[in-house]
Structures are given as C-alpha cells and as structure tokens.
Amino acid sequence: MPQAVEDPNRLWRLSGFIEKLQLHYFDVTDFEKLASLFLNCLPSEIYHLASRVEPRVIFEEERGIFEANFHGAYNFLYLMKKYKPSCRLYCAGSSLMFGAVDSSPQNEDTPMNPTTPYGIGKVAAHHFVRMYREAHGMFACTGILFNHESPRRDVNFLPRKISLAAANIKVGRQEKLLLGDIELKRDWAYAGDVVESMWLMLQQERPEDFVIGTSQLHSIRDVLDIAFGYLGLTWKDYVIQDPSLVRNIEYVNLCADISKAKSKLGWAPSVKLRELIENMVQNDFERVAKQ
C-alpha cells in the first residue's frame, strides 16, 4: 500500500500557525460580511479559492454560478484597493477559462473562449485581477488551474467518484459504477502540488499569472485501470457506460503548458497520476472498510 503523498517538508510553513487558525463561515459574495472580516484582520495575503464549482454543465443556474465566481474576486479587489493596497491576492482560475480551444497545450497567452457560466465568470474575475494590477499597481494574480485531485475531493468529481466506487465494490457495498465517455482525457494534478504553486506566486517580486497543471493528459480509462487494479479488480466487470451521463458540452485538448511556472516559480508537479489515484483509493478503502 502506498504512503500518503503529503510531503512533510512542505508543511513546515504551517507550524506555529495551526493553533492560531480561526475559521469564519460566510458567503464571499456578501460584501458587508466580507468587509467586516477584512477590516478586522487586514490580511497581508489572500488566497481566494471560494467558488461555485459544477462538475456538470448547468445552465439553469447560470446567474448564480457566474455571480459566485466573479463577485467574490471583485469584492476582495475592491477592499484591498480601499483599505490595504499592500495586501497580496491570489485568485484561483480554471482551465475552463480556455473553453473551446484551437491549440494545445495552453499557456498564459492562449486565447480564452469560455463556453459555460462557470468559465465565463472565471474569465471576468481574471480580467478584473489584471485591471487592478495594471491600473492600481496592486499585487494580484490568477493561477489558471487545471484539474487537481486528492482524497479530500468531493465525490461528485470523477477521480474521487471512481476511487470511492472501487473501494465500495471491493468491500461489497456497491455492485456497479455508471460513467459517461471513458475515453475523455484530462490534465490531473495533485492538489497539494497546486497549493504549493499558489504560495509561490505570492512570494514573487512582482505579480504575474501562471498556468498550473502537469502537461500530461490521461483518460478516464487510465484512472479506472489504476484505481480498480490497485484493489485487484477488473473495472470492465463493474463499469457500465451510460449515454445520459455524457455532457452536452465537453472539453477536449485541455492540457497545461507549465513552462512559465517551471522557469519563474521553480515549480513542477511532484506526484504522478498513479501515485495520486492509488493514494485516493487507499484512503477510501480504509474508510469504508471501517464502516
């Protein structure tokens, strides 16, 4: 069984901070509550990861999805400009900002053609980050993140859906797994590596945007091979392809060109897909086996 992929060397920065950690729960689109918290702590760094994430393309809720992914970023930018211009802001972007692409892989200069409310909201926030950076001289940047996974990932997202299903099937709590198109390919990174890149972006001398991923594409079939094989199972015995699960808008050729992150941040992914998926399966298997 593999060891956890957490790198203890990257956690040293948290020592001395964990006991001081305070959690506040609120909607970042609620300007009054956000302003109250901002003025109470006047942060030196902000990592804005809050988002309304939709694994499926949902147009019935397009306004709410757009507002959640735009207004939070705007609120932070406005508060920084007004009350603490020296604060540094990291804003989480997404590969879906590129949308329907004409070339692959994608880098910081690739034209953005978002085709969903989520992607459009992220692009709007990205443009505001750049505007505040250029017009007001603020330290604000966007990390354009490709898919990033870990054992903490919500089960609505595909790699975790697969890892949990494999564990449940192994212990006899699930019989089948329904999936859509298993030939689709994604650029999947380990979330811990991605978080490291966020911190590095705010430690630079000047703010810049960076594409973050692995520069490698793997299919859903690859994930199935790793996840089920790790538990001694053959996924073809359990997986059923359901046409109703195929999305009406799908993305192809979304793959990160991380050349800039490598050269300027000294960053590169440390965890390969096999290690990541096996770790997720192991965590899910240990948990369900105790239930």
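**Strand S3 and its place in the sheet**

Strand S3 and strand S8 (residues 210-212) are joined by 3 bridges and run parallel, where strands are DSSP runs of type E of at least two residues and helices are runs of H or I of at least four residues, both numbered from the N terminus. Two strands are taken to pair if DSSP finds at least two bridges between them. The model is a predicted one, in which local features need pLDDT of at least 70 and side-chain atom pairs count only at pLDDT 80 or more, while totals for chains, interfaces and linings use all residues. Residues are numbered from 1 along each chain as its sequence is written, and side-chain values use heavy atoms, with hydrogens and water left out.

Along the pairing with S8, glycine 143 stands opposite phenylalanine 210, and isoleucine 144 has valine 211 as its bridge partner. Isoleucine 144 is also the bridge partner of glycine 93, and 7 bridges join S3 to strand S2 (residues 88-94), the two running parallel. These strands belong to an open sheet of 4 strands, ordered S1-S2-S3-S8 with parallel pairing, in which strand S1 (45-48) and S8 are the edge strands, each pairing on one side only.

Strand S3 (residues 139-145) is mostly covered, with 7 of its 7 residues buried, that is, under 20% relative accessible area with a 1.4 Å probe and protein chains only. In a regular strand the side chains alternate between the two faces of the sheet. In S3 both faces are covered, with Phe139, Cys141, Gly143 and Leu145 buried on one side and Ala140, Thr142 and Ile144 buried on the other.

Definitions and conventions
Buried means under 20% relative accessible area, exposed over 50%, partly exposed in between (1.4 Å probe, protein chains only).
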